Amino acid sequence: MKNLLKMLKASGYKIALTTQNEKEMMDGVLDWLKIREFFDVILSLQDITHKKPQPEIYLKAASLL
């Protein structure tokens, strides 16, 4: 997974990560995997008002990219 993220970043791609988990949980996973640096936008449950099936989190990530 890290190799793919490195390749995408080196190729100039902007990358967003969205999750409807709590920010604290997401932060723990990103730090444990040491992949936070690859993402230009990171959004969690605390960043949205409407959960799935609403597309809010994806639309917000796309606009921030």
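## The nonpolar cores

Seven residues make up the largest nonpolar core here: Leu5, Ile15, Met26, Leu30, Ile35, Phe38 and Phe39. A nonpolar core, for our purposes, is a set of buried Ala, Val, Leu, Ile, Met, Phe, Trp, Tyr and Cys residues joined through side-chain atoms within 4.5 Å. Buried means under 20% relative accessible area, exposed means over 50%, and partly exposed is anything in between (1.4 Å probe, protein chains only). Take Leu5: leaving out neighbours within four places in sequence, Leu5 is in contact (heavy atoms within 4.5 Å) with Ile15, Ile35, Phe38 and Phe39. Apart from this core lies another one of five residues, including Val41, Leu43, Ile57 and Ala61.

A word on what you're looking at: this is a predicted model, where local features need pLDDT of at least 70 and side-chain atom pairs count only at pLDDT 80 or more, while totals for chains, interfaces and linings use all residues. Residues are numbered from 1 along each chain as its sequence is written, and side-chain values use heavy atoms, with hydrogens and water left out.

## The chain as a whole

The chain has three helices and two strands, and reading along the sequence gives the pattern α-β-α-β-α. Helices (H or I, at least four residues) and strands (E, at least two) are DSSP runs, numbered from the N terminus. The C-alpha trace spans about 35 × 25 × 15 Å along its principal axes. Of the 65 residues, 25% count as buried. If you take the contacts between residues at least 6 apart in sequence, 54% of them join residues at least 24 apart.

On the surface side, the chain exposes about 4800 Å², and carbon and sulfur atoms supply 57% of that. Those accessible areas come from the Shrake-Rupley method with a 1.4 Å probe; for residues, only the protein chains shown count as cover. As for charge, there are 10 positive and 8 negative side chains, and the centres of the two sets lie 6 Å apart. Lys and Arg count as positive, Asp and Glu as negative, and His and the chain ends are not counted. Each charge is placed at NZ of Lys, CZ of Arg, CG of Asp or CD of Glu.

## The loop between β2 and α3

Ser44 sits in the loop between β2 (41-43) and α3 (56-64). Ser44 counts as buried because its relative accessibility is 0%. Beyond neighbours within four places in sequence, Ser44 is in contact with Thr19, Asn21, Glu22, Lys23, Met26 and Ile57.

Gln46 is in that loop between β2 and α3 too, but with a relative accessible area of 44% it is partly exposed. Setting aside neighbours within four places, Gln46 is in contact with Asn21, Glu22 and Lys23. A polar contact is a pair of N or O atoms within 3.5 Å; within protein, one must be able to donate a hydrogen and the other to accept it, and residues adjacent in sequence count only if both atoms are side-chain atoms. One such contact, at 2.3 Å, joins the side chains of Gln46 and Glu22. The Gln46 side chain also reaches the backbone nitrogen of Lys23 at 2.9 Å. Gln46 and Met26 are 20 residues apart along the chain, with 11 Å between their C-alpha atoms.

Thr49 lies in the loop between β2 and α3 as well, and Thr49 counts as exposed because its relative accessibility is 64%. Thr49 and Met26 are 18 Å apart, C-alpha to C-alpha, with 23 residues of sequence separation.

## Backbone oddities

Most residues other than glycine have a negative phi, and most peptide bonds are trans. Lys34 has a positive phi, near 55 degrees. Lys34 is placed in the loop between α2 and β2 and is exposed at 56% relative accessibility. The peptide bond from Lys52 to Pro53 is cis, with omega near 10 degrees, and Pro53 is found in the loop between β2 and α3.

## Two charged residues in helices

Asp27 is found in helix α2 (residues 23-33). With a relative accessible area of 18%, Asp27 is buried. The Asp27 side chain makes a polar contact of 3.2 Å with the side chain of Arg36.

Lys9 lies in helix α1 (residues 2-10) and is partly exposed, at 27% relative accessible area. Outside neighbours within four places in sequence, Lys9 is in contact with Ile15, Phe38 and Asp40. Lys9 and Asp47 are 38 residues apart in sequence, and their C-alpha atoms are 24 Å apart.
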